[in-house]
Structures are given as structure tokens and as C-alpha cells.
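Reader: Hi! I'm new to reading protein structures and would love a close look at just one part of this one. Could you pick a small piece and walk me through it slowly?

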Amino acid sequence: MTLPDFPDVRILVTGGTIDKVHDPRIEAIVFARDGATQIPDILAMGRCHHPVIQKVLLKDSLEFDDADRTAISDAVLAAPEIALVITHGTGTMGETARWLADRVQGKTVVLTGAMRPHSLSASDGSFNLGGAVVAAQTLPAGIYGVMNGRVLPAEYLDKNVEAGRFDI
């Protein structure tokens, strides 16, 4: 039996809730003071050692501007891989997905994140990240989001704030 040849995956870290930690000094959920990302730990827990991890930003997506989205699209375009996952805050994930859809061709790009930080118990981050890695390897070229067990094309990727999930 011959296995299919799946593409290499690059994970572009941009921040969002998935990467936040509790800071007991100020009693808030923030990014780690040392700028570390939680993504390597999430992958190690899943015994997923093949993606390349590249930190682009470590920022709350509600604070993203066009310069941040340009940095993300530049990183996607510069990546040698055709399969990419972007960890992203849920607040503006759809906006970034549609920004990328206007600028990126010929690559499969999957945005994902979490409603609850990986560093806290009961996070959805590892489930979403695992789904995104698989989706990036198997979906046709395009821009997608993977959240809550769903794959959503960029044009439908919007957070339902009242329900606390992504769906159509």
C-alpha cells in the first residue's frame, strides 16, 4: 500500500486567545512576558512534530490593523510550503481570512484559534489546531477556517458571539 504524499505544513503564529496565559501578578489573561507561544506545547501533546512553526505576531486580533494583516499575507506568500495554518484570535478571524482571500492564490491556508486559552483547562485550542493541520494538508487551495469541528470557507468564517462558536 502506498500512502498519499501530503504537503509539509507551516504554522504561522499571530496570537489570539489560544496563546494567552494567566498572569497572577496582574490577574489577567495575557501573552507570556517572554513572548513564547503555546503552539509547540499543543503540537507536542498531540505528538505532532512535522509542522514548521513561525511566529509572525503575538497580538490580540481585535488590535490588528492593515499593517498586521499585510505582515500575515507577506508571511504566507513568502512561505515555501503550500499548506499553512495561521493561529489567530477569534474576534477578527473572518476579516483576516477575507483579506488573505484577496491576496493569496495557489496555497491552502487554514486559520484557527480558541475560545479559551490553551494554558487553561478545557481549552478547545488543541482540537481546533489538530483539525487545522489536517485540513491544510487535504483541502484544495483556498482560504478556510477550522473551528469547532467545522471547515468554513473565508466568506463564511464569522464568530457567532451569542452562541460562542463558528457556524453557518
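Author: Happy to! Let's start with two strands that pair up: strand 2 (residues 20-23) and strand 3 (residues 28-31) run antiparallel and are joined over 4 bridges. Keep in mind as you look that this is a predicted model. Together, strand 2 and strand 3 make a hairpin, with 4 residues between them. Look into that turn and you will find glutamate 27, whose phi is positive, at about 55 degrees.

Now let's zoom in on one residue, lysine 20, which belongs to strand 2. Across from lysine 20, in strand 3, stands phenylalanine 31. These two also meet through their side chains: lysine 20 lies over the face of the phenylalanine 31 ring, 5.3 Å from the ring centre.

Is lysine 20 buried or exposed? Lysine 20 has a relative accessible area of 13%, and the cut-off for buried is under 20%, so lysine 20 counts as buried. What is around it? Setting aside neighbours within four places in sequence, lysine 20 touches Ile29, Val30 and Phe31, and also Asp60, Pro117 and Ser119.

Once you have found that spot, you can look for a similar arrangement elsewhere: arginine 103 lies over the face of tryptophan 99, at 3.5 Å from the ring centre. As for pairs of aromatic rings, the count in this model is 0. So when you return to the hairpin, picture lysine 20 in strand 2, with phenylalanine 31 opposite in strand 3.

Note on methods. Residues numbered from 1 in each chain as written. Predicted model: local features only at pLDDT ≥ 70, side-chain atom pairs only at ≥ 80, totals over all residues. Heavy atoms only, no water. Phe/Tyr/Trp six-rings, centres within 6.5 Å; stacked < 30°, edge-to-face > 60°. Lys NZ or Arg CZ within 6 Å of the ring centre and 35° of its normal. Pairing = 2+ DSSP bridges. Buried < 20%, exposed > 50% of the residue type's maximum accessible area, 1.4 Å probe, protein only. Contact = heavy atoms within 4.5 Å.
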